[in-house]
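Here are a few friendly notes to read alongside the model. Take them in order, and keep the structure open as you go.

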Amino acid sequence: MSENPVVFMDISIGGQPAGRLKMELFADVCPRTAENFRQLCTGEYRKNGVPQGYKNCHFHRVIKDFMVQGGDFLKADGTGSMCIYGDRFEDENFQLKHSGPGLLSMANNGPNSNGCQFFITCQRSEFLDGKHVVFGRLVDGLLTLRKIENVPTGANYRPKLPVIVTECGEM
């Protein structure tokens, strides 16, 4: 069996470099979900010849002591959705649990509605188990996650400073 892919996101907060999130994608447990995220990190997936993905994407929702959410590179407000398989794709499985900080999970708006949006847990969040697919984990960058988590927010938990993925790809 091959090793799980490792991807990265370089983050800026308010236009200043904040650090790197380095994540292992659990392709051994959730191969379709991991591959969707990997291709959106690398820009391999193209629509009309144009790379689609997380580069220059915002984290649009930050809830301290819970999670940071991003991945809406279509509308930047949490309403955009697409994936490498089309508009949305099914929940692959719920084998892995939201058992601590630094877990990478799919954001959705109900069963089988995964697209491009994701979140990273800031602490254990077992109430999400069975509703959101955990498909990766932070292997480096917990300090960067904490920096994002502590950005001041306004209405709808939107960060008051732009939190942006300035670069991303596969290690």
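In which loop does Asn156 lie? Asn156 lies in the loop between α2 and β10, the strand of residues 163-170. Keep in mind throughout that this is a predicted model.

1. **The overall layout.** Let us begin with the elements. The protein has two helices and 10 strands. From start to end of the sequence, the order is β-β-α-β-β-β-β-β-β-β-α-β. You can trace this pattern in the display, strand by strand and helix by helix.

2. **Overall dimensions.** The C-alpha trace covers about 40 × 40 × 30 Å along its principal axes. For 171 residues, a compact globule would be expected to have a radius of gyration near 16 Å, and the 14 Å of this protein agrees with that. Of the contacts between residues with a separation of 6 or more, 66% join residues 24 or more positions apart.

3. **Surface and charges.** Of the 171 residues, 52% count as buried. The accessible surface comes to about 8000 Å², and carbon and sulfur atoms account for 49% of that area. There are 19 positive and 19 negative charges, and their mean positions lie 6 Å apart.

4. **The nonpolar cores.** Nonpolar side chains tend to be buried together in soluble globular proteins. Here the largest nonpolar core has 41 residues, and Met9, Ile11, Leu21, Phe37 and Tyr54 have the most contacts inside it. A second core, separate from that one, has six residues, among them Phe66, Met67, Ala107 and Leu128. Try colouring the two cores in the viewer.

5. **A look around Phe37.** Which residues is Phe37 in contact with, leaving aside its neighbours within four places in sequence? The partners of Phe37 are Val7, Met9, Met23, Leu25, Tyr54, Leu104, Phe118 and Phe135. Two of these names, Met9 and Tyr54, you have already met in the list for the largest core.

6. **Leu142 in helix α2.** Leu142 belongs to helix α2, which covers residues 142-149. Is Leu142 buried or partly exposed? Leu142 has a relative accessible area of 44%, so it counts as partly exposed. Leu142 and Leu21 are 121 residues apart in sequence, yet their C-alpha atoms are 7.5 Å apart in space.

7. **Ile164 in strand β10.** Ile164 sits in strand β10. Between the C-alpha atoms of Ile164 and His58 the distance is 4.5 Å, although 106 residues separate the two in sequence. Setting aside neighbours within four places in sequence, Ile164 is in contact with Asp10, Ile11, Ser12, Asn56, Cys57 and His58. Ile11 is also one of the residues with the most contacts inside the largest core.

8. **Two backbone angles to check.** Most residues other than glycine have a negative phi. Asp65 has a positive phi of about 65 degrees although it is not a glycine. You will find Asp65 in the loop between β5 (59-63) and β6 (67-70). With a relative accessibility of 44%, Asp65 counts as partly exposed.

9. **Back to Asn156.** The residue from the opening question, Asn156, also has a positive phi, about 60 degrees, and is not a glycine. Is Asn156 buried or exposed? Its relative accessibility is 68%, so Asn156 counts as exposed. Asn156 and Val62 are 94 residues apart in sequence and 8.9 Å apart in space, C-alpha to C-alpha.

Notes:
Residues are numbered from 1 along each chain as its sequence is written. This is a predicted model: local features need pLDDT of at least 70, side-chain atom pairs count only at pLDDT 80 or more; totals for chains, interfaces and linings use all residues. Side-chain values use heavy atoms; hydrogens and water are left out. Helices (H or I, at least four residues) and strands (E, at least two) are DSSP runs, numbered from the N terminus. The radius of gyration is taken over C-alpha atoms; the globule rule is 2.2 Å times the number of residues to the power 0.38. Buried means under 20% relative accessible area, exposed over 50%, partly exposed in between (1.4 Å probe, protein chains only). Contact means heavy atoms within 4.5 Å. Accessible areas come from the Shrake-Rupley method with a 1.4 Å probe; for residues, only the protein chains shown count as cover. Lys and Arg count as positive and Asp and Glu as negative; His and the chain ends are not counted. The place of a charge is taken as NZ of Lys, CZ of Arg, CG of Asp or CD of Glu. A nonpolar core is a set of buried Ala, Val, Leu, Ile, Met, Phe, Trp, Tyr and Cys residues joined through side-chain atoms within 4.5 Å.
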